Amino acid sequence: MTYTPSTYNPYDFANRRHIGPSPSEMEEMLATIGVASLDALIDRTVPMSIRQMSPLTWEPKTEFEVLDHIRKVAGQNKVMTSLIGQGYYGTVTPPAIQRNILENPAWYTAYTPYQPEIAQGRLEALLNFQTMVSDMTGLPVANASLLDEATACAEAMTMAQRVSKSKMTRFFVDENCHAQNIAVMKTRAAPLGIEIIVGAPNELDAAKVFGAIFQYPGTFGDIPDFSAQISALHEAKAVAIMATDLLALTMLKEPGALGADIAVGSAQRFGVPLGFGGPHAAFMSCRDDMKRSMPGRIVGVSVDSRGERAYRLSLQTREQHIRREKATSNVCTAQALLAVMASFYAVFHGPAGLRAIGERVHFNAVRLAEGLRADGFNIAPKAFFDTFTVEVGAMQGVILRSAVAEGINLRKIGKNRIGISVDETTDAQIIEKVWRAFGRDAEVPAAIPAVAVPSKLQRVSEYLTHPIFGMNRAEAEMMRYMRRLADRDLALDRTMIPLGSCTMKLNAAVEMMPITWPEFNALHPYAPADQTEGYSQMIDDLSAKLCEITGYDAMSMQPNSGAQGEYAGLLTIMAYHRANGQGARNICLIPVSAHGTNPASAQMCGMKVVVVKSAANGDIDLDDFRTKAAAAGDRLAACMITYPSTHGVFEESVREVCQITHDHGGQVYLDGANLNALVGLAKPGDIGSDVSHLNLHKTFCIPHGGGGPGMGPIGVKKHLARFLPGAPVDGAPDAEGAVSAATFGSASILPISWAYCMLMGGEGLTQATKVAILNANYIAARLDGAFPVLFKGREGFVAHECIVDPRAICEATDTSVDDIAKRLIDSGFHAPTMSWPVAGTLMIEPTESEPKAELDRFCEAMLSIRAELAQVETGEMPKDNNPLVNAPHTVGDLVADWDRPYSREQGCFPPGAFKVDKYWPPVGRVDNAYGDRNLVCSCPPVESYIEAAE
């Protein structure tokens, strides 16, 4: 008998691991759709006028090859002890947090908690974060994180202008703010007409500004008492902001006690690695009367349908999709996963542990400074927490090189000073190495030195007094607490998340592994270039691949969210117009169906938003677009479009839209939110677009993290390349302004997207796009008879997502799209995107990663819901007591008295629900109105935690 070897390749990552449906399942799905082949479907869906003619060029690698290659590149980075400071510090990530949070898909694959019933775990963790920030800063309301400290400073500045009763347009910036904070605030201020005044705090003229920001401690270590300046600002009806350090606040008087109105900063040193600049969770807290002007998300406490405590995102009328250009900011993605890590760091250590860490850092800094002072060096300032500078004169270069030889990076300041910032990882051995670099050979004394914080600035108030920060000292209990919270939530590790325009695809384990390697996560963002050559190689190669995918000529990795990418791209366009002597161009055409961040970003860039109508089929109304472009004339700066459209269709007029814009001198911004339908099939830069942001946390597999991190790099055509964002620190003098605190944004998560591209290869990426379109059309075909698909292309197909329309049956049954969303929870699903871009509809995006079995489970759940709606419509079940309006059903409902006109089994185990591994929501339907009327944004009493545990 002739032996026939297997042709199966188990190491084909694209087709065996990333793409969900098998070849035989694809054939079944194509038969359901009514198309002969996958290529035939693509030919009938994607207009030939935009198709790329040449394939993506690189070959795929196996998982083993990718890890080996990344390890070699990472080895070109030099892991040093960083004492540079400047807002970034060494920290110790507790292994329990690294293992159970950062490396746990139950946490990192979750989506933003817009559906609170299935997000109670991460909402509690984020509420802990808010409580931590509020306590440490001494201000009553905190948000659930911002992108980085520099953008938090910029957000605080614009918030101050909104709430200030001063009519001034100037804003004072303490010259001792970190350089990156000043740079990003200048970028934000310019298009808004805010005049930035940088100076010494004692030079502040409070009557001439609407607000001021002070760094506390300052970038060179100063810890002034700002209470006099704050009082002067309040006299002038201006707003006082303090950019601060949470660890320093374990010993320093809190901003609230000094009279500050707003506090911002980074929670990085609460257990989040340096990561070459990010991602890190920034924070903001404020006075209670300012909370409705605060940007970002705020977690609040409400009640569910049974009157039990439940968490939710509060004040969501501030969200961009609702307020568009009137939103308080364009913040969409925050840094939820990193905020969760920081909150668990505080829970793990508790107030006593944090105080001990803060004291250890401070006393080590004092020991180091005293040793240098004993050798005759001039140390400044006299009062400091962890940072000081040393006057070294002409010895600067020699000392810096000697420190590098000891494995330590110090901060170069001017031509004759060196800055030193001590952190949690600093020990006696490191202090002695620093001393040796300065020529001192001595042992560190064990005696505790005198405190270098003036008594009037020493903290006297308590913090983290809520018992949650004291009940998890033992790792066993901490581990169980993290597990309990994770079990309350639905993430990709349990179910498909079919959110339209969110691309919740597989985040493969192999892609995630390198981000915890010290070669990537232990580098300071301002480390010398010769120590970061591995990062340079990775970023260059990833940029080249992204340029090939998109048809652009240059990439900037600086934007650390999709909304930040929009903002950076529009700033690039505006800089281009100014350079051409056309600075008066300020009109931006945006379709009514656009992402809400689009008009919010345009407003931040000083643009005037003109909304373009949609045609009956959902496409851009070309006549309206042409008319408004002509009316704008030489004031047209740009148009912002999404392709495929937010209606889930490949519009055939896209080239014409681009041409009309160019004919009137404008630039085309193509939102990259739906790039998952284009990769390998069409290139935005070849269609006619000039700039796009790419959501690496969508198309290129960076996980959503429960609401961040994200990355939104921008690609541009050649004529815009020189207008990309400049470096925030030590950038070229003629460079454009920075938009983020670090040159490469959240650099430490870039290995995820790089690994994905290498694993898939050009052919695999193209196949993924085709299967994403297949999966969406399969769902559309299965549901169309029950829930009409609202928009289709010319030949009756959708792109990578579809909008189903339940409005007619909902109107007939007095139900809503919310009821459908909550009923899907009973089947174990996260709901699709609700009421956007069309109110009352559901937008479904399955991605290429979901196998046919999961797609069928979802369709069966949806069809079952349609059958239940029919029962209500015919009167078999009352409109006010049926499985939809009572959803979701909890264990409490199951064991309570049952007075409903349907069985417990129908209520709790509808089609799609697993019998054995059933997901039980921890709360019933959350009362949103109650939560906003009774806004509570910090931890509730401990008794409620005990009850929940029981």
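## Lys 698 and selected sites in a predicted model

UniProt, in an unreviewed entry, lists Lys 698 for "modified residue: N6-(pyridoxal phosphate)lysine". The structure discussed here is a predicted model.

In this model, Lys 698 sits in the loop that joins β21 (691-693) to β22 (714-716). Leaving aside residues up to four places away in sequence, Lys 698 touches Ser 501, Cys 502, Thr 503, Lys 505, Ala 673 and His 704. One of these partners, Ser 501, offers its backbone oxygen to a polar contact: the side chain of Lys 698 reaches that oxygen at 2.7 Å.

Lys 505 also appears among the contacts of Ser 849, a residue that touches His 18, Gly 20, Lys 505 and Leu 506 when residues up to four places away in sequence are not counted. Ser 849 belongs to the loop between β25 (842-844) and α28. A polar atom of the Ser 849 side chain lies 3.3 Å from the backbone oxygen of His 18.

A further site is Ala 106, located in helix α6 (residues 105-108). Its contacts, not counting residues up to four places away in sequence, are Ala 486, Ala 491 and Asp 493. The C-alpha atom of Ala 106 is separated by 9.7 Å from that of Leu 485, although the two residues are 379 residues apart along the chain.

The relative accessible areas of these three residues are set out below.

| Residue | Relative accessible area | Class |
|---|---|---|
| Lys 698 | 10% | buried |
| Ser 849 | 12% | buried |
| Ala 106 | 14% | buried |

Each is classed as buried because its value is under 20%.

The unreviewed UniProt entry also places the feature "domain: Glycine dehydrogenase C-terminal" at residues 768-889. In the model, this span is 45% helix and 7% strand, and its end C-alpha atoms lie 36 Å apart.

Helix α27 (residues 817-826) packs against helix α28 (residues 852-873) with the axes 10 Å apart and at an angle of about 125°. The two helices are therefore oblique to one another, since that angle lies between the 115 degrees that bounds the roughly perpendicular class and the 145 degrees above which helices count as roughly antiparallel. From α27, the contact is made by Ile 820, Arg 823 and Leu 824, while α28 contributes Phe 858, Ala 861, Met 862, Ile 865, Glu 868 and Leu 869. The crossing of α27 and α28 is right-handed.

How values were computed:
Residues numbered from 1 in each chain as written. Predicted model: local features only at pLDDT ≥ 70, side-chain atom pairs only at ≥ 80, totals over all residues. Heavy atoms only, no water. UniProt positions renumbered as here; feature names shortened; annotations may be inferred. Helix = DSSP H or I, 4+ residues; strand = E, 2+ residues; numbered from the N terminus. Buried < 20%, exposed > 50% of the residue type's maximum accessible area, 1.4 Å probe, protein only. Contact = heavy atoms within 4.5 Å. Polar contact = N/O pair within 3.5 Å; in protein donor to acceptor, adjacent residues only side chain to side chain. Axes fitted to C-alpha atoms, helices over the stretch in contact; angles between N-to-C directions. Parallel < 35°, antiparallel > 145°, perpendicular 65-115°, else oblique. Left-handed = near helix turned anticlockwise from the far one by under 90°.
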